[in-house]
Amino acid sequence: MSRVGRAPITVPGGVTVTLDERIVTVAGPQGTLTRPLPGAITVRQEESALLVERPDDQRQNRALHGLTRSLVANMVTGVTAGFSKDLEIVGVGYRAIAKGPGSLELALGFSHPVTVEAPDGVVFEVPTPTRIVVKGIDKEKVGQVAADIRKLRKPEPYKGKGIRYAGERVIRKAGKAAK
């Protein structure tokens, strides 16, 4: 059995889980998330825990067992604490300006500023002009928005300029060798 899939998901107080046919809905203090269950995987609620079960040991069901448990656990974590990704901007003249909670304007060395709009459930914070915090309750959306922002100007290997995740290590290359 999948070690990840076997582990029960504890449901904290203030969080309600609704199991309806093939759809799991988790509501908490931060908001509500809904997700359909893949394949033949089932979710069962016992007291203050959720158990994810698979019907047999077919390859597809084994693959979806741990995945489904992780997705439902992320839903519970999202509606209680939320998720965030920190991005750092490195480069002379590179900066970020918040234009409200759902919009961000980036100066990245292009001839024009780049505007990024947040999808529903995601907000931006700019504590300093060189730091961006992407927050939300859906882990997939937060990660995808952060990846899209990073893609606008990836860290380059010669000077290290660009947008990177906080704590990301950029491997630097040597420049041209002098004669």
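A salt bridge, as I will use the term today, is a side-chain nitrogen of Lys or Arg lying within 4 Å of a carboxyl oxygen of Asp or Glu. Please keep in mind throughout that what we are looking at is a predicted model.

With that definition in hand, let me begin with Glu-53, which forms a salt bridge with Arg-44, the closest N and O atoms of the two being 2.4 Å apart. Is Glu-53 buried or exposed, or does it fall in between? At a relative accessibility of 28%, Glu-53 counts as partly exposed, because that category covers the values between 20% and 50%. Arg-44, on the other side of the bridge, has a relative accessible area of 33% and is therefore partly exposed as well.

Let me turn next to helix α3, which covers residues 139–152. Here Asp-148 forms a salt bridge with Lys-151, and the closest N and O atoms are 3.9 Å apart. Why might these two residues be able to meet along one helix? An α-helix has 3.6 residues a turn, so residues three or four places apart point the same way. Asp-148 and Lys-151 are three residues apart in α3, so about one helical turn separates them. As for their surroundings, Asp-148 is partly exposed with a relative accessible area of 33%, whereas Lys-151, at 55%, is exposed.

The same region offers another kind of contact, since the side chains of Arg-150 and Glu-168 meet in a salt bridge, with 2.7 Å from N to O. This pair links distant parts of the chain, for Arg-150 belongs to helix α3 while Glu-168 lies in the segment after β13 (162–165), and the two are 18 residues apart. Arg-150 counts as buried, because its relative accessibility of 18% is under 20%, while Glu-168, at 24%, counts as partly exposed. Going back for a moment to our opening pair, salt bridges that share partners join Arg-44, Glu-46 and Glu-53 into one network. How many salt bridges does a search of the whole structure find? It finds eight.

Charges in this model also sit over rings. The charged end of Arg-153 is placed over the ring of Phe-110, at 4.4 Å from the centre of that ring, and Lys-85 lies over the face of Tyr-165, 5.3 Å from the ring centre. Aromatic pairs, on the other hand, number zero in this structure.

Now let us consider helix α2, which runs over residues 59–80 and therefore holds 22 residues. At 1.5 Å a residue, this helix should span 32 Å, and because the C-alpha atoms at its ends are 33 Å apart, the expectation and the model agree. Just after α2 comes Gly-82, which takes a positive phi of about 85 degrees.

The last part of my talk concerns the sheets, and a general remark may help. Strands of a sheet pair through backbone hydrogen bonds, either parallel or antiparallel.

One open sheet has three strands in the order β2-β3-β4, and its pairing is antiparallel. Its edge strands are β2 and β4 (32–36), each of which pairs on one side only, and neighbouring strands of this sheet are turned against each other by 15 degrees on average, with direction ignored. Strand β3, residues 23–27, is joined to β4 by five bridges, and if you look across that pairing you will find Val-26 standing opposite Leu-33 in β4. In strand β2, residues 16–20, you can also find Asp-20, which counts as partly exposed at 48% relative accessibility.

Another open sheet, also of three strands, has the order β8-β9-β10 with antiparallel pairing. Which strands stand at its edges? They are β8 and β10 (114–117), and each has a single partner strand, so one side of each is left without a neighbour in the sheet. The twist from one strand to the next averages 25 degrees.

Strand β8 (residues 95–98) pairs with β9 (residues 103–107) over four bridges, and the bridge partner of Ile-97 in β9 is Glu-105. In the hairpin that these two strands make, there are four residues between the strands, and Gly-100 takes a positive phi near 90 degrees. Strand β9 also pairs with β10 over four bridges in the antiparallel sense, and there the bridge partner of Leu-106 is Val-114.

Thank you for listening.

Definitions and conventions. Residues numbered from 1 in each chain as written. Predicted model: local features only at pLDDT ≥ 70, side-chain atom pairs only at ≥ 80, totals over all residues. Heavy atoms only, no water. Expected span 1.5 Å × (residues − 1). Buried < 20%, exposed > 50% of the residue type's maximum accessible area, 1.4 Å probe, protein only. Pairing = 2+ DSSP bridges. Phe/Tyr/Trp six-rings, centres within 6.5 Å; stacked < 30°, edge-to-face > 60°. Lys NZ or Arg CZ within 6 Å of the ring centre and 35° of its normal. Axes fitted to C-alpha atoms, helices over the stretch in contact; angles between N-to-C directions.
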